Amino acid sequence: MYYDLALFHCNVKIWKYIGFIEFKNKYRTTPIIAIVFLTIFCQITNFLFIWHDLSALVMNSFMTAILANSLVRILIVMKNQNAFIEFMRGIESWYKEAEITNDIVAWSILKEVPKRTVAISKFSLIFGGSGGVLTAFVPMLMGQRTHPYSVYIFGVDALKSPLYEIIYFIQMFIIIPFIITAYIPFTNLFISWLIFGINILKILRKKFEQMPVVNDREQLKCLKALIKYHKRIIRFGQTLEGLVSFVCLVEFVLFTLMLCVLLVCILLVDTTMLRVTTVIYILCILYALFLSYWHANEFSSESVLIADAVYSIDWINSSVEVRKCVLILLVRCQTSLKISAGGMYPMTLEAFQALLNAAYTYFNMLRGFMAK
């Protein structure tokens, strides 16, 4: 089954077990989603009562944003679960075809891909899980009677026992695990899909470079097969963009603001523990963003290199039909495959740099405003 593919490590199995895909465990997901919605509502309500405390407002804004981002991700997965499952089954089919047809070029590259994706997934889960544990215990370590996610409930005092303990328990064992199991696996899978895309482009490039010099008939047959392979890769890129485009746009907007907010928070907080926590949150955001944009940029760059491999074919002395195929491939390869945020912002390293510049600009604006 697709969820047993080493490329996906345990990420898909986590979603399947909880019920985010295949919906076999609705009795788990329905109350979880309801509690998350209620928590976000209570967090937003709490803003009305802490607007005078800028440091608390900044930190709570970040906590609300990261929870809302996780919710958006998992709702999109749940809404389009058939498309996600079919996409992952399609990736599984590439592996099966390479193994069954004894495609040495493809199999030698594909079998190495899971080593990288598993390492990234393990580190992300450990890093994200550590951040979740830190979030859960910060109020205790600070000796303050607050919740990890500050909330306001009309008509009652959320900081009085036993309601305080009940809310703390819910946040520690439902809200924080929800973020870890919704946000991190999505990022891990997105990176895994991009790495797979980069490597199937490498396979195509190697096939062009190692294409044997034979008669025109065999050369034409081989070229047509590689054109179909290239079309399949293009469809892969388009499908991937369709699945993640909106999530990437939400992340682009939210994370730009969150980086700015957290930088301001460092200036506002007056305890070492909160400063350390804020720095860890910033590192988590930068880690997730850099991984996504780096691999999306590599996917785009690798697609352009196909043109060089095509041009290296011995086509000068070939038939007119072979040369036409080469020309079609060259023209098609001039446009790189891109993953974009909302169909507007290509995910490249230049876009990542622009995001950081925007966050720093907003930070300077806020710092100047605070100085007045």
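## Salt bridges, helices and a few odd spots

A search of the whole structure, which is a predicted model, turns up twelve salt bridges. Let's look at one of them. The side chains of glutamate 165 and arginine 145 meet in a salt bridge, with 3.7 Å from N to O. Glutamate 165 sits in helix H7, while arginine 145 sits in the loop between helix H6 (113-142) and H7, so this pair ties together parts that are 20 residues apart in sequence.

Now step back and take in the whole protein. How many helices and strands are there? The protein has eleven helices and two strands. If you read along the sequence, the pattern goes α-α-α-α-α-α-α-α-α-α-β-β-α. As for its extent, the C-alpha trace spans about 85 × 50 × 30 Å along the principal axes.

Next up is a pair of helices. Two packed helices are described by the angle between their axes and the distance between the axes. Here is how that works out for helix H1 (residues 11-18) and helix H7 (residues 163-209): their axes come within 9 Å and cross at roughly 145°. The crossing of H1 and H7 is left-handed. Which residues make the contact? On the H1 side you'll find Asn11, Val12, Ile14, Trp15 and Ile18, and on the H7 side Thr181, Ala182, Pro185, Phe186, Asn188 and Leu189. Sort the residues of this contact by type and you get eight nonpolar, three polar and no charged.

Two spots in the backbone deserve a look as well, and each comes with an angle. This table puts them side by side:

| Spot | Backbone angle | Where to find it |
|---|---|---|
| Serine 161 and proline 162, joined by a cis peptide bond | omega about 0° | Proline 162: loop between H6 and H7 |
| Histidine 9 | phi near 50° | segment before H1 |

In the case of histidine 9, the thing to notice is that phi is positive in a residue other than glycine. Proline 162 shares its loop, the one between H6 and H7, with arginine 145 from the salt bridge above.

Finally, turn to the surface. Which residues make the nonpolar surface patch? The patch is made by Leu38, Phe41, Leu48, Phe49 and Phe154, and its area is about 570 Å². To find part of the patch on the model, look for phenylalanine 41, which has its place in helix H2 (residues 26-50).

Technical notes
Residues are numbered from 1 along each chain as its sequence is written. This is a predicted model: local features need pLDDT of at least 70, side-chain atom pairs count only at pLDDT 80 or more; totals for chains, interfaces and linings use all residues. Side-chain values use heavy atoms; hydrogens and water are left out. Patches are made of residues with over 30% relative accessible area and no salt bridge: like charges are joined within 9 Å, nonpolar side chains (Val, Leu, Ile, Met, Phe, Trp, Tyr) within 5 Å. Accessible areas come from the Shrake-Rupley method with a 1.4 Å probe; for residues, only the protein chains shown count as cover. A salt bridge is a side-chain nitrogen of Lys or Arg within 4 Å of a carboxyl oxygen of Asp or Glu. Helices (H or I, at least four residues) and strands (E, at least two) are DSSP runs, numbered from the N terminus. Axes are lines fitted to C-alpha atoms, for helices over the stretch in contact, and angles run from 0 to 180 degrees between N-to-C directions. A crossing is left-handed if the near helix is turned anticlockwise from the far one by less than a right angle, and right-handed if clockwise. Contact means heavy atoms within 4.5 Å. Ala, Val, Leu, Ile, Met, Phe, Trp, Tyr, Cys and Pro count as nonpolar, Asp, Glu, Lys and Arg as charged, and the others, Gly among them, as polar.
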